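Q: Could you take me through one part of this model up close, and then fit that part into the rest of the chain? I'd like to know what it packs against.

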Amino acid sequence: MSPGKVLQPAVKMKVDELFLCWLSQPATQLTLKDCLRRIRNKEKTEFGNTDSGNSKNESFTSKNSNPKRCILGDTRLPLSFSPPQPSTTLPLATPASSRNTSNVRATRRSSGTKEVQTKKEETLPPSHSQSIPTFYFPRGCPKEKVNIDAVIAKIEKTFSEFPNERATLEDMGKVAKACECPLYWKGPLFYCAGGERTGYVSVHKFVAMWRKLLQTCYDDAAKFVHLLMNPGCNYLVQEDFIPFLQDVVNSHPGLSFLKEASEFHSRYITTVIQRIFYTVNRSWSGKITCNELRKSNFLQNVALLEEEPDINQLTEYFSYEHFYVIYCKFWELDTDHDLYIDRKDLARHNDYAISNRMIERIFSGAVTRGRKAQKDGKISYADFVWFLISEEDKKTPTSIEYWFRCMDLDGDGVLSMYELEYFYEEQCQKLDNMAIEPLPFEDCLCQMLDLVKPQHEGKITLHDLKQCKLTNVFFDTFFNIEKYLDHEQKDQFSMLRDGEGESQEVSDWEKYAAEEYDILVAEEAASDQWNDGYEAELNPVDHQKASVLKYQMEKRPFFEIPSHLADVDLDEYDYDEDFE
């Protein structure tokens, strides 16, 4: 790199990423700990293989040591030295050896000409960069040599069972097993090999695709991303999941009742996609990378689709009951049924429990995607999925980030006392209207600071909240009046004890979804009894309106809702827009 050239932002990000990968290696951590221990104990640290006779010149003590040199060990050149660059270094105006320091200063005063003063440098040790093992594997760490030919032979044998050695989407389950992939990878395998265009995949086309993938992708996360992503990308956007999930809807036994109700496929798929991004896309970028997918449990849940016939047991992403609860809650608020809700609609959620100031923050764009909807002052069904899950389970990393973004009015990354007071003022007004004397803000603030225990006085960071075990109590205090009053009725120590002893197998969201589903079932049973006596008196128009409001449970939900809703495109999102 030339002396005047600086790293471009994209290049700098990659350099930082590589450095963090190197820094996270176990061997690097051991070296760092050893070097720090030596520095504290004022021991000598040697680089490379040096004999004892030269240890005086080739080692250093804590008195004259360079900490950066110690930390990097023998994998980097000492940072105090600059490698010789004879071809790029600018030549000196006159030979440095023909003048002394005083002459240089005299000449500088008299003529004003800039001179470069050279320093006597020690002989540089040879570079050890070649000994650094490869530590960055964006497409997975290569395992022991895989016998690709044996895998291909197995695939060819499977294709030989099909007419003309061509596999349809229904046949791809056997091909997926021959590839040693989970069953429900069959859709991505089919579409990646070009099956969508012709309706089938030939053996030659599939073998060429799979051979190339095995040579470039070394773990399941990299393979899955490669199968679903658009050409030229190395990440997944929301649209990429649609063909995969449509195949799940069409072929999973737990969703067989939904086959005939095609108008609700997009609702279910949209819900699952939002839950995937809610859990997996920890960067809030709208783009799932291999690394994010690798760190999540999504692929394990995809594998469980084959083993679990009851889709409702897969509560993290695919549960139909969870989708039903979310969609019913949205349907109650969306009075005009255009699949968008405004501020007044959202304010009616849970009997106006959410404060108006928090509603304004949600619609400000702090946590929503899609400028078109924001411009019209509305949020989509996809945004509502994020809202409802975050509202009912305020202990997950994503929900904590969700509400932190909303409460951070100035976007400086910390919650100041002013911001807390801003949201608490409306809570006090609501309590006054309910004839309940509110707790003074100073007292409330002391309780919240004792609850969160921030590292820095006078401000609460996202890290502080993620370390707190009662973040739901903290957030509800400032913008959810109903839950705030519920918490006030409980003993704080018992809540803390419950939080510590609570089983992580059942989350707050799962509890809420199960309770709400039971309530909807009970309401539907009562509605059925009522309709049995009055259905005959309804004319066709009234009957249609009644069926819109009716929730068909017993695994036949929403069948009576008019099909014109299917004309609405739920996937009208701007995927390239990141959360600011």
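A: Quick bit of vocabulary to start: a helix here is a DSSP run of H or I covering at least four residues, and helices are numbered from the N terminus. With that in hand, threonine 271 sits in helix H13, which spans residues 265-280. Bear in mind that this is a predicted model.

Let's stay with that threonine for a moment. Threonine 271 has 1% relative accessibility, and since anything under 20% is called buried, threonine 271 counts as buried. What does threonine 271 touch, leaving out residues up to four places away in sequence? The partners are Phe323, Ile326, Tyr381 and Val385.

Now on to the stretch that carries an annotation. An unreviewed UniProt entry lists residues 395-430 as "domain: EF-hand". In the model, the chain over residues 395-430 is 69% helix and 8% strand, and the C-alpha atoms at its two ends lie 25 Å apart.

Helix H21 covers residues 397-407, and its axis comes within 9 Å of the axis of helix H18, residues 356-363, with the two crossing at roughly 100°. Since 65 to 115 degrees is the range for roughly perpendicular, H18 is roughly perpendicular to H21. On the H18 side, Met358, Arg361 and Ile362 make the contact, while H21 brings Tyr402, Trp403, Arg405, Cys406 and Met407. Sorted by type, the residues of this H18–H21 contact are six nonpolar, two charged and no polar.

Another residue to look at is glutamate 426, in helix H22, which runs over residues 417-433. Its relative accessible area is 7%, so glutamate 426 is buried. Leaving aside residues up to four places away in sequence, glutamate 426 touches Ser355, Asn356 and Arg357. Take the arginine in that list: glutamate 426 and arginine 357 are 69 residues apart along the chain, yet their C-alpha atoms are separated by 7.6 Å.

Stepping back to the whole protein chain, there are 29 helices and ten strands. Of its 580 residues, 43% count as buried. Among contacts between residues at least 6 apart in sequence, 63% join residues at least 24 apart. As for the outside, the accessible surface of the chain comes to about 32700 Å², and 51% of that belongs to carbon and sulfur atoms.

Methods:
Residues are numbered from 1 along each chain as its sequence is written. This is a predicted model: local features need pLDDT of at least 70, side-chain atom pairs count only at pLDDT 80 or more; totals for chains, interfaces and linings use all residues. Side-chain values use heavy atoms; hydrogens and water are left out. UniProt positions are given in the numbering used here, feature names are shortened, and annotations may be inferred rather than shown by experiment. Axes are lines fitted to C-alpha atoms, for helices over the stretch in contact, and angles run from 0 to 180 degrees between N-to-C directions. Angles under 35 degrees count as roughly parallel, over 145 as roughly antiparallel, 65 to 115 as roughly perpendicular and the rest as oblique. Contact means heavy atoms within 4.5 Å. Ala, Val, Leu, Ile, Met, Phe, Trp, Tyr, Cys and Pro count as nonpolar, Asp, Glu, Lys and Arg as charged, and the others, Gly among them, as polar. Buried means under 20% relative accessible area, exposed over 50%, partly exposed in between (1.4 Å probe, protein chains only). Accessible areas come from the Shrake-Rupley method with a 1.4 Å probe; for residues, only the protein chains shown count as cover.
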